[in-house]
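Trainee: Please give me a close look at the pockets here, starting with how the elements around them are assigned.

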Amino acid sequence: IQVRDVFGERLLENFSGGERARVDLAIRIGLSKMLARRAGAKLETLVVDEAFAAIDRAGMDQLIECLPVLSQEFPLCLFVTHDDGFKHALPQQLICSKSSAGSVVEVVA
């Protein structure tokens, strides 16, 4: 896969781990939107599960800047993460944890 960025074109395999994670997310969103359009459907929900694990702090900050754009594209955005540094950017959270009685879900708005 050839990727064009501010530095020109290069192969996806030549990107760092964090850069690849961001490009992978963009590709997934783009392919999903294209397939939905072909099917005559509209995507209403975006679910991202641990897509940010390989991203450094600068990359995380860039993704956080993109959240308003994503929320305009997808009325419902769900991000699954174990990264405490990302949670502050989310306006609402479902925090799942284990207790001796089983799983507990806390809603933080």
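Mentor: Helices (H or I, at least four residues) and strands (E, at least two) are DSSP runs, numbered from the N terminus. The model is predicted, so local features need pLDDT of at least 70 and side-chain atom pairs pLDDT 80 or more, while totals for chains, interfaces and linings use all residues. Residues are numbered from 1 along each chain as its sequence is written, and side-chain values use heavy atoms, without hydrogens and water.

The second largest pocket (an open set of points on a 1 Å grid over the protein atoms alone, with protein on both sides within 12 Å along at least five of seven lines) holds about 330 Å³ (the space filled by probe spheres set on the points, which are joined across faces, edges and corners). Its lining residues, those with an atom within 4 Å of a point, are F15, E19, R22, V23, L25, A26, I29, Q62, L63, C66, V69 and L70. Two or more of them come from each of α1 and α2, and α1 gives the most, six residues. By class, nine are nonpolar (Ala, Val, Leu, Ile, Met, Phe, Trp, Tyr, Cys and Pro), two charged (Asp, Glu, Lys and Arg) and one polar (the others, Gly among them).

The largest pocket has a volume of about 800 Å³. Of its 22 lining residues, F79, L90, Q92, Q93 and L94 lie nearest the centre. At least two residues each come from α2 (57-73), β4 (76-80), α3 (84-87) and β5 (93-99); β4 has the largest share, five. This lining counts 15 nonpolar, five polar and two charged residues.

Methods
On a 1 Å grid over the protein atoms alone, a cavity is a set of points where a 1.4 Å probe fits but cannot get out, and a pocket is an open set with protein on both sides within 12 Å along at least five of seven lines; lining residues have an atom within 4 Å of a point.
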